Amino acid sequence: MSAPHTKRICQIIKLKPECVDEYKEVHRNVWPGVLNALRRYHIVDYSINHYPPLNLLIANFKYTGSDFEKDMKAIGDDEETQRWWRLTDSMQESFNDGASGSGKEIPWWTDVEEVFRFEGGSSA
């Protein structure tokens with residue numbers, strides 16, 4: 001088993017305009033089981049931002065485990081996560097051709113390439 005590392009992920013998806021208020025409301029009350037699954041599979045510092053002019057949702061999170069593919073499969077198999085996806089998927093539209101929902105063969109959220117990162121540090 002390889003050593004833990006940090007991997008940053010940024011993803012986008014389109015929010016259906018008629019679902020903005022409902023989407024925000026359900027995310028104010030995320031189920032504890034969903035949050036526990038995120039923790040259990042090494043997802044930390046998770047946020048979803050909304051950009052209204054394009055009806056865009058932007059998710060950012062850090063993965064701190066050692067086997068990203070294995071953990072993403074496990075979180076996708078989690079019963080609470082699947083229940084959450086059934087609720088929220090109907091409020092979103094994927095940018096990925098052929099995508100049919102979270103946890104399916106074709107990714108629902110689109111990965112966005114990181115082109116710059118500054119992590120801080122001491123100043124000179």
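Q: Is glutamine 92 counted as buried or exposed?
A: In this predicted model, glutamine 92 sits in strand 4, which covers residues 92-93. Its relative accessibility is 4%, and the cut-off for burial is under 20%. Because 4% falls under that cut-off, glutamine 92 counts as buried.

Q: Which residue offers a backbone oxygen 2.9 Å from a polar atom of the side chain of glutamine 92?
A: Let's look around this buried side chain. Leaving out residues up to four places away in sequence, glutamine 92 touches a group that includes Ile13, Tyr23, Leu57, Trp108 and Trp109. The backbone oxygen lying 2.9 Å from a polar atom of its side chain belongs to threonine 88.

Q: What pattern of helices and strands does the chain follow along the sequence?
A: There are 4 helices and 5 strands to place. Reading along the sequence, you meet them as β-α-α-β-β-α-α-β-β.

Q: Among contacts between residues at least 6 apart in sequence, what percentage joins residues at least 24 apart?
A: Picture the C-alpha atoms in a box of roughly 50 × 35 × 30 Å along the principal axes. Of the 124 residues, 31% count as buried. For contacts between residues at least 6 apart in sequence, the share joining residues at least 24 apart is 65%.

Q: How far apart in space are tyrosine 41 and aspartate 67, C-alpha to C-alpha?
A: Tyrosine 41 is found in the loop between helix 2 (32-40) and strand 2 (43-51). In sequence, tyrosine 41 and aspartate 67 are 26 residues apart. In space, their C-alpha atoms are separated by 9.5 Å.

Q: Is tyrosine 41 buried or exposed?
A: Setting aside neighbours within four places in sequence, tyrosine 41 is in contact with Tyr63, Asp71, Met72, Ala74 and Ile75. Its relative accessible area is 17%, and burial means under 20%. Although tyrosine 41 lies in a loop, its 17% therefore makes it buried.

Q: Within what arc do the buried residues of helix 3 fall, seen down its axis?
A: Helix 3 spans residues 68-77, and its buried residues are Phe68, Asp71, Ile75 and Gly76. They line one face of the helix, because seen down the axis they fall within an arc of 140 degrees.

Q: Which residues are exposed on the other side of helix 3?
A: The buried residues of helix 3 have cover that includes strand 1 (7-15), helix 2, strand 3 (56-63) and helix 4 (79-88). Turn to the other side of helix 3, and the exposed residues are Glu69, Lys70 and Lys73.

Q: Which residue meets arginine 28 in a salt bridge?
A: The structure holds 7 salt bridges, and one of them has an N to O distance of 3.6 Å within helix 1 (residues 20-28). The two partners are 3 residues apart, about one turn of the helix. Arginine 28 is exposed at 57% relative accessible area, while its partner is partly exposed at 42%. That partner is glutamate 25.

Q: Which residue forms a salt bridge with aspartate 45?
A: In this pair, the closest N and O atoms are 3.8 Å apart. The bridge links distant parts of the chain, with aspartate 45 in strand 2 and its partner in strand 3, 17 residues apart. Aspartate 45 is exposed at 55% relative accessible area, whereas the partner is partly exposed at 26%. The partner is lysine 62.

Q: Which residues are linked with Arg117 in a network of salt bridges?
A: Start with the side chains of arginine 117 and glutamate 114, which meet at 3.0 Å, N to O. Arginine 117 is partly exposed at 36% relative accessibility, and glutamate 114 is partly exposed at 46%. The residues linked with Arg117 in the network are Glu114 and Glu119.

Q: Which residues make the nonpolar surface patch of about 450 Å²?
A: The chain exposes about 8,400 Å², with carbon and sulfur atoms supplying 51% of it. One member of the patch, valine 115, is placed in the segment after strand 5 (110-111). At 75% relative accessibility, valine 115 counts as exposed. The patch is made by Val115, Phe116 and Phe118.

Conventions. Residues are numbered from 1 along each chain as its sequence is written. This is a predicted model: local features need pLDDT of at least 70, side-chain atom pairs count only at pLDDT 80 or more; totals for chains, interfaces and linings use all residues. Side-chain values use heavy atoms; hydrogens and water are left out. Helices (H or I, at least four residues) and strands (E, at least two) are DSSP runs, numbered from the N terminus. Buried means under 20% relative accessible area, exposed over 50%, partly exposed in between (1.4 Å probe, protein chains only). A polar contact is a pair of N or O atoms within 3.5 Å; within protein, one must be able to donate a hydrogen and the other to accept it, and residues adjacent in sequence count only if both atoms are side-chain atoms. Contact means heavy atoms within 4.5 Å. Patches are made of residues with over 30% relative accessible area and no salt bridge: like charges are joined within 9 Å, nonpolar side chains (Val, Leu, Ile, Met, Phe, Trp, Tyr) within 5 Å. Accessible areas come from the Shrake-Rupley method with a 1.4 Å probe; for residues, only the protein chains shown count as cover. A salt bridge is a side-chain nitrogen of Lys or Arg within 4 Å of a carboxyl oxygen of Asp or Glu. The arc is that of the directions from the helix axis to the C-beta atoms.
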